[in-house]
Amino acid sequence: MKGLWVLAAIFLHCVGGAGSAAGSARGCQAQPNCKECLKVPGCAWCWQQDFLKAGEPNERRCDTAEALKERNCGEGNVINPLSRVEVLKNIDLRSNSENVVQLQPQSLHLKIRVGVPETFEVWFKRAEGYPIDLYYLMDLSFSMKDDLEKIKNLGEEILKALKMVTQKVRIGFGSFVDKVALPYVSQVKRKLANPCPSRMDSCQPAFSFHNVLRLTDDVADFTTRVSMQRISGNLDSPEAGFDAMVQAAVCQEAIGWNNVTRILVYTSDDTFHMAGDGRLAGIYQPNDGKCHLNADGYYDKATEYDYPSVGRLSRVLAANNIQLIFAVTDKSVPSYQALSKLIPRSVVGVLEADSSNVVQLISEAYGNLSSTILLEHLSAPEGLNISYRSKCSNGVHTPWLRNGECSNVKINEQVNFTVKVTATSCLPG
């Protein structure tokens, strides 16, 4: 699953010394007390009272474990704590639809020595039938009028296509237009009520983002709610897609995201506003990346906060473990391909002018998203270095890198990662 951010819960405890052969071979730089001695790789401390000879300084108690024993420090008097990896939770990999386990082990306790790497193995097996939450986010600007008519009848087809890979699928729906301010949306009273280009058409008032339907497995409800949607309109070509994607990602409770594969399908026939564009409307406050949906599901702070930056959008999607499918018309593909390169776990598909191929596009894009396993840590405290070595099912073995990655992983295939953790200093706490 491309960008699947997984790492067993690791609890770290820093210890002073580990009498490894590597440490002994390096010798020991003596230190004045036990605490400082045990921070040095290869060092151990002798606390035997009669160990020192007359006139020897206290730092002579700090040496390699072998040297201390040779100098007649008793076995029980050598302080030489060892690194240790303790597996706390180790449920076997399985594809049971009621309890899928794709990562093993799930929780570890590491006791590591400063300067001495500790490694452990992680296995990942892409499970068959892993549950999917798919939120369909649609541009409702006037140029998408034909697309809306197609989408109104596609709920059952989308679910049917996804049920080819899993029986547990939920689907939701949201829409976006633009910030209700000049120069994006006309402020003329008549146009605010009906922003359609022609009086012969009937449009709903513009909005930045609306959560129409939270995630559900009720196809009939999806069809009913989407069929009630009306097209809207705005003045300029770019839309408030960034506003919509951030709100759809961070409003966990309102959208109803579960801890499953999360897919956001974004459909549009034009480009996007980004950070800085809000200044055209006198909106200078940077986007805060927080949820601001009112009781009716509308983003009600759109004219207070600027559009998100690409960096903000990328971080929000990553933090909420959401994979993104851009389903956009041919003329917009270059812009979204450039954007996709800056957003991990995203793909771009070409949408037909009337969205008639959206089901096929989602199926193909899901396959692309699910073919790469990416193992990395979300954060690491200062003084802790983590690297990965991948052993992929296609025979690719990587050197130590900043993350683990295996491509073209098929359902039921297993890959292996070695994780190396090194502390450069004792961690707080």
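A residue counts as buried when its relative accessible area is under 20%, as exposed when that area is over 50%, and as partly exposed in between. The exercises below apply to a predicted model.

**Exercise 1.** Determine which residues of helix α10 are buried and which elements they pack against.

*Solution.*
1. Helix α10 covers residues 310–319.
2. Its buried residues are V310, L313, S314, V316, L317 and A318.
3. These buried residues pack against the helices α8 (241–250) and α11 (333–340), and against the strands β12 (261–268) and β13 (322–329).
4. After α10 comes N321, with a positive phi near 55°.

**Exercise 2.** Establish the strand order of the open sheet that contains β18, and explain why β6 and β16 each have one side without a neighbour.

*Solution.*
1. The sheet has 4 strands in the order β6-β8-β18-β16, with antiparallel pairing.
2. Strands β6 (103–104) and β16 (384–391) stand at the edges with a single partner strand each, so one side of each has no neighbour in the sheet.
3. Within the sheet, β8 (residues 118–125) and β18 (residues 414–423) are joined by 8 bridges.
4. K125 has Q414 in β18 as its bridge partner.

**Exercise 3.** Classify R71 and D63, which form a salt bridge, as buried, partly exposed or exposed.

*Solution.*
1. The closest N and O atoms of R71 and D63 are 3.4 Å apart, and the cut-off for a salt bridge is within 4 Å.
2. R71 has a relative accessible area of 22% and is therefore partly exposed.
3. D63, at 16%, is buried.
4. The count of salt bridges comes to 9.

How values were computed: Residues numbered from 1 in each chain as written. Predicted model: local features only at pLDDT ≥ 70, side-chain atom pairs only at ≥ 80, totals over all residues. Heavy atoms only, no water. Pairing = 2+ DSSP bridges. Helix = DSSP H or I, 4+ residues; strand = E, 2+ residues; numbered from the N terminus. Buried < 20%, exposed > 50% of the residue type's maximum accessible area, 1.4 Å probe, protein only. Contact = heavy atoms within 4.5 Å. Salt bridge = Lys/Arg side-chain N within 4 Å of Asp/Glu carboxyl O.
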